[in-house]
Amino acid sequence: MRIRYLPETLISQIAAGEVIERPAAAIKELVENALDAGATQVEIDIREGGKNLITVNDNGSGMSREELVASLDRHATSKLPHDDLFKIEHLGFRGEALASIAAVSRINIASRQKGADAWEIRAEGGRKYEPAPSAQTSGTKIEVRDLFFAVPARLKFLKTDRAEYTAVKDMINRLAMSYPAVSFRLTNDGRTALHYRAAPILRERIADIIGRDFTDNALQIESERNGIRLSGFAALPTFHRGTAQYQYLFVNGRTVRDKLLHGCVRAAYADVLVQGRHPIIALFVDIPPSELDVNVHPAKAEVRFRDAGAVRGLIVSALKHALHEGGRRSSTALSVKTLHFSRPQNFSSRQTAAPSYAYGNLAEAMQPSYMMDHINPSARAEIAPQQEISSPLGAARAQLHENYIIAQTERGMVIIDQHAAHERLLYERFKEQVGQNGIEKQGLLTPEIIEIGETPAQNLLEFKGSLQQLGLEIDAFGPNAIAVHAVPALLGAKTDIRRLVYDLADEIAEHDRVSGLEARMNAVLSTMACHGSVRSGRRMNADEMNALLRQMEATPMSGQCNHGRPTYIELDLKDIEKLFGRT
Ligand code: ADP
Ligand code: MG
């Protein structure tokens with residue numbers, strides 16, 4: 001074995017392996033170059049998911065003949081004028097993307113600077129040809145054919161055309177989100193897949209990309225501390241997905257997949273979202289370049305902050321604050337969708353005596369006999385004082401199926417899940433008490449002995465001290481049982497202590513092992529709140545219902561239960577009228 005210097009093409013291929021691992025990565029580099037060149041229009045065309053052909057056409061500054069030649073060389077860049085890696089003002093700076101792409105494909109670059117002649121240059125598998133005059137009218141057009149033809153082994157790692165296309169789309173969405181003033185168009189096998197017109201404001205672009213449902217159900221984030229700025233939109237906790245894929249995170253305009261940032265989002269929502277669900281979020285961090293190291297990942301997908309603690313603190317507190325402030329809002333999109341789904345299809349034949357729903361008395365509207373067959377209000381409030389109607393959750397009018405409260409508001413109606421609502425209220429009360437003198441306890445006359453098994457018993461006893469602060473007094477009782485001496489007073493006398501203890505043991509065992517004590521104890525509180533809340537099935541009279549609504553209005557984050565489900569949904573009169581074809 002002998003040490004030898006690798007040939008230049010092999011070096012480029014090795015470098016390319018890191019930067020360009022699939023078509024979406026090549027497109028990211030090409031589009032970033034267009035954005036760095038000041039383009040206001042970027043058109044991307046792909047064939048076969050980008051495997052066969054990628055074209056990126058921009059109206060940016062263009063390149064001269066000499067620049068075209070240099071652009072294909074490794075470590076050739078126009079973007080580090082001060083040789084300072086902590087003064088990075090462009091998306092690019094490594095000067096290796098075009099060289100890497102050229103090493104593994106057949107590339108053609110045509111470009112024209114304003115007032116100069118147009119030139120084009122091509123390269124194949126890293127071999128560069130002489131530039132030639134071109135017909136390009138302005139900006140730059142880069143065509144990449146047969147990506148990875150020069151490294152056939154890599155081709156085998158590519159996914160189906162469809163999967164590669166999906167990754168391309170996702171990448172373009174991310175790039176488009178941080179450049180709302182630039183128009184983007186993607187065509188796939190000749191068909192327009194995405195088209196974003198230049199938007200005057202970020203909110204519009206985000207609505208185009210994620211959907212208006214999201215922007216309508218998101219909290220706006222604006223915060224600044226020590227020169228670090230945070231902005232964007234964060235979903236209400238009821239608006240979540242099963243993967244973190246819909247979290248769009250940016251640092252200084254650069255799309256990143258950063259563990260620290262995802263972790264901040266998780267921490268901020270921990271209290272309002274069940275584990276395994278992820279809020280949709282579009283979050284922009286702007287930080288002085290001197291505080292940031294972007295040179296830690298070849299594709300620049302990760303970054304490092306000089307003061308990670310400060311960034312984390314800012315993000316978590318800004319998000320928590322917004323959730324707290326906006327916490328009483330629930331998800332409107334959800335409500336309208338639900339209603340569309342359950343809209344009766346053959347209702348018209350029975351609609352002869354259609355009651356007036358417009359601003360009528362909702363209790364009245366429930367009277368028609370054909371509805372009484374299905375809906376049997378178990379409580380009805382006939383008179384609703386105006387002050388109740390004008391409060392955000394309105395005046396309670398009826399309780400249905402012994403769990404759903406219907407309330408009339410000025411703008412429409414609200415349906416409240418009384419169990420979920422009560423659960424949230426209890427949880428917040430518990431947290432309040434913990435913050436003061438600890439949770440109030442109620443001793444049991446005779447201790448309740450629960451044979452729960454050895455491991456669960458030990459798990460519980462391990463947290464004996466913390467549980468005590470949370471109002472639950474337990475002791476060992478032989479090797480596989482525990483004795484319960486006191487329970488939180490808020491839970492009330494009818495609590496099924498045995499079930500509660502079983503659930504708590506499960507909760508403690510299941511809750512992410514690495515999560516801190518606070519997270520675990522909040523999970524315990526949440527379980528206790530669930531046990532203590534009005535189970536569905538309890539009838540309430542009008543006063544009780546209205547009291548619940550007023551309490552919700554006064555409680556932070558009462559828009560969702562501890563599991564991220566909404567506690568109420570709101571139907572705007574306009575939406576209701578739409579459903580009945582009245583508008
Ligand atoms: P980097 O972006 O890190 O500088 P690249 O290999 O991506 O490295 O590009 C090399 C150089 O080619 C850039 O610095 C820029 O000067 C030039 N260039 C690449 N693409 C374009 C474009 N679309 N418009 C104008 N100049 C470009
Ligand atoms: Mg670049």
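## Ligand surroundings, buried sites and a small cavity in a predicted model

A polar side-chain atom of Ser 78 lies 2.6 Å from an oxygen atom of ligand 1. The model in which this pair is found is a predicted one, and every distance and area given below is computed from its atoms. Ser 78 is one of the residues that come nearest to ligand 1, the others in that group being Asn 33, Thr 77, Lys 79 and Gly 95, out of 19 residues around the ligand. Asn 33 also places a polar side-chain atom 2.8 Å from an oxygen atom of ligand 1. With Phe 93 it is the backbone that takes part, since one of its polar backbone atoms is 2.9 Å from an oxygen atom of ligand 1.

**The chain as a whole**

The protein chain holds 21 helices and 26 strands. Of its 583 residues, 49% are buried. When contacts with a separation of 6 or more are considered, 68% of them in the protein chain join residues 24 or more positions apart.

**Five residues compared by accessibility**

The table lists two glutamates and three serines with their computed relative accessible areas, and the paragraphs after it place each residue in its surroundings.

| Residue | Relative accessible area | Class |
|---|---|---|
| Ser 105 | 0% | buried |
| Glu 164 | 1% | buried |
| Ser 317 | 33% | partly exposed |
| Ser 138 | 41% | partly exposed |
| Glu 451 | 56% | exposed |

Ser 105 sits in the loop that runs between helix H4 (97–104) and strand S3 (106–112), and it is classed as buried because its relative accessible area, 0%, falls under the 20% limit. Its side chain reaches back to the backbone oxygen of Ile 101 at a distance of 2.8 Å. Beyond the residues up to four places away in sequence, Ser 105 touches Ala 123, Glu 124 and Gly 125, and also Val 144, Arg 145, Asp 146, Leu 147 and Phe 149.

Glu 164 belongs to helix H6 (residues 161–178), and with a relative accessible area of 1% this charged residue is nevertheless buried. What does the side chain of Glu 164 make a polar contact with? The partner is the side chain of Arg 22, at 2.9 Å. Arg 22 is also among the residues that Glu 164 touches once those up to four places away in sequence are set aside, together with Pro 23, Gly 49, Lys 51, Leu 158 and Lys 159.

Ser 138 occupies the loop between strand S6 (132–133) and strand S7 (139–145), where it is partly exposed because its relative accessible area of 41% lies between the limits of 20% and 50%. With residues up to four places away in sequence left out, Ser 138 touches Asp 58 and Arg 112. Its C-alpha atom is separated by 9.7 Å from that of Asp 117, a residue 21 positions apart from it along the chain.

Ser 317 lies in helix H10 (residues 308–326), and its C-alpha atom is separated by 7.4 Å from that of Ala 268, although the two residues are 49 apart along the chain.

Glu 451 is part of strand S23 (residues 441–451), and it counts as exposed because its relative accessibility of 56% is over 50%. Leaving aside neighbours within four places in sequence, Glu 451 is in contact with Asn 480, Ala 481 and Tyr 502. The C-alpha atoms of Glu 451 and Ala 483, which are 32 residues apart along the chain, are separated by 8.8 Å.

**Helix H7 and the residue after it**

Within helix H7 (residues 202–210), the buried residues are Arg 205, Ile 206, Ala 207 and Ile 209. The residue that follows H7 is Gly 211, whose phi is positive, near 115°.

**The second largest cavity**

A search of the whole structure finds two cavities of 30 Å³ or more, and the second largest of them has a volume of about 30 Å³. Which residues line the second largest cavity? They are Leu 249, Phe 250, Leu 261, Val 265, Leu 283, Val 285 and Ile 315. Strand S13 (247–251), helix H9 (259–269) and strand S16 (281–286) are the elements that each contribute two or more residues to this lining. By class, the lining comprises seven nonpolar residues, with no polar and no charged ones.

Methods. Residues numbered from 1 in each chain as written. Chains lettered and ligands numbered in written order. Predicted model: local features only at pLDDT ≥ 70, side-chain atom pairs only at ≥ 80, totals over all residues. Heavy atoms only, no water. Helix = DSSP H or I, 4+ residues; strand = E, 2+ residues; numbered from the N terminus. Buried < 20%, exposed > 50% of the residue type's maximum accessible area, 1.4 Å probe, protein only. Polar contact = N/O pair within 3.5 Å; in protein donor to acceptor, adjacent residues only side chain to side chain. Contact = heavy atoms within 4.5 Å. 1 Å grid on protein atoms, 1.4 Å probe; cavity = no way out; pocket = protein on both sides within 12 Å on 5 of 7 lines; lining within 4 Å. Points joined across faces, edges and corners; volume = space filled by probe spheres on them. Near = heavy atom within 4 Å.
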